[in-house]
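Biologist: Could you take a close look at the backbone in the loops of this model, and go through it residue by residue? I would like the cut-offs stated along the way.

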Amino acid sequence: MSESFEDILKQVNEIPTKKLSVANAQDLPVMEAVAEAKAKKIADPILVGDEEKIREIAKQIAFDLSDVRVINEPDMQQAATTAVKLVHDGEADMYMKGALDSKTFLRSVLNKDVGLRTGKTLSHVCVFEIKGIKRLLFLTDVAFLPYPTLEDKEQIINYTVDVCNACGIENPKVAPLAAVEVVNPKMPVTVEAAQLTKWNEEGRIKNCIVDGPLSMDLAIDPEAAKHKAGAENRKIVGDADVLLFPDIHAGNLVYKTIVHLCEFKNGCILMGTKAPVILTSRSDSKETKINSIALAAVVAHHQHRI
């Protein structure tokens, strides 16, 4: 079971090296991360974009491209289409954004002919290793779905459980979060959290333990849970693996609070697609990009096995 990104990197070393298709790879921070990922045998990249610029950057960072496939496609949109088609056709196992805007990148993901659409809801899963917490935390959705419906949340749980399973966590504890731990019809997110819990108990949502609604402290802090009334009847008492947020506002606020106030490592992928999608931002560190590639690799391996 992975308790840190070091554990995930060890997992990567035990599986066949995955192919990574990078759309518009002529981006210095992305190339730096991809070069290190290749050096660490996390992934073998296929670089699609402006070949001249790609080789200029490679030379700048001493990235040897002698055994790296480079596909010259200077047009940004066509480069994304070419790169995603590699994954669609099985020539690559995961798809990563380079020097293009997120809208164009996502358009390629959803391309009806060569993209990675499944007809299901897409969802962002962020995995955190936070100092002081002796397990990985899986946050969803913090960046993609503004107001997920009850059915969206069911799919989000399924995706995130797959990510947990890929990381060696076999029966993750999922906390649908709210401001309170009791069902209040005036607070719809608590009603939805209770329904998700019921579906889990009935076997509709499988391979995990769902317990909600839960407040954040009851979900992640065992000491706080000791002082909560009724905690003895809960299935999660400060030991949640997955934090399911009611909407993007709650998720994004918690995400940015961790990023700016905690000592952490993280990696993020987009799920609900035929293969893992790495949608990092320019502000993400090289380590976060490498962690995201490693996370995508173990998820891709897991998906090929099931």
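Modeller: Lys41 counts as exposed, because its relative accessibility is 60%; on this scale exposed means over 50% relative accessible area, buried means under 20%, and partly exposed lies in between, using a 1.4 Å probe and protein chains only. This is a predicted model, in which local features need pLDDT of at least 70 and side-chain atom pairs count only at pLDDT 80 or more, while totals for chains, interfaces and linings use all residues. Residues are numbered from 1 along each chain as its sequence is written, and side-chain values use heavy atoms, with hydrogens and water left out.

Lys41 lies in the loop that runs between α2 (28-39) and β2 (43-49), where helices (H or I, at least four residues) and strands (E, at least two) are DSSP runs numbered from the N terminus. Although Lys41 is not a glycine, its phi is positive, at about 60°. Ala62, in the loop between α3 (51-60) and β3 (69-72), is likewise a non-glycine residue with a positive phi of about 60°, and Ala62 counts as exposed because its relative accessibility is 70%.

Turning from phi to omega, the peptide bond leading from Thr140 to Asp141 is cis, with omega near -10°, and Asp141 belongs to the loop between β6 (137-140) and α6 (150-166). Gly212 and Pro213 are also joined by a cis peptide bond, with omega about 5°; here Pro213 sits in the loop between β8 (209-210) and α8 (216-220).
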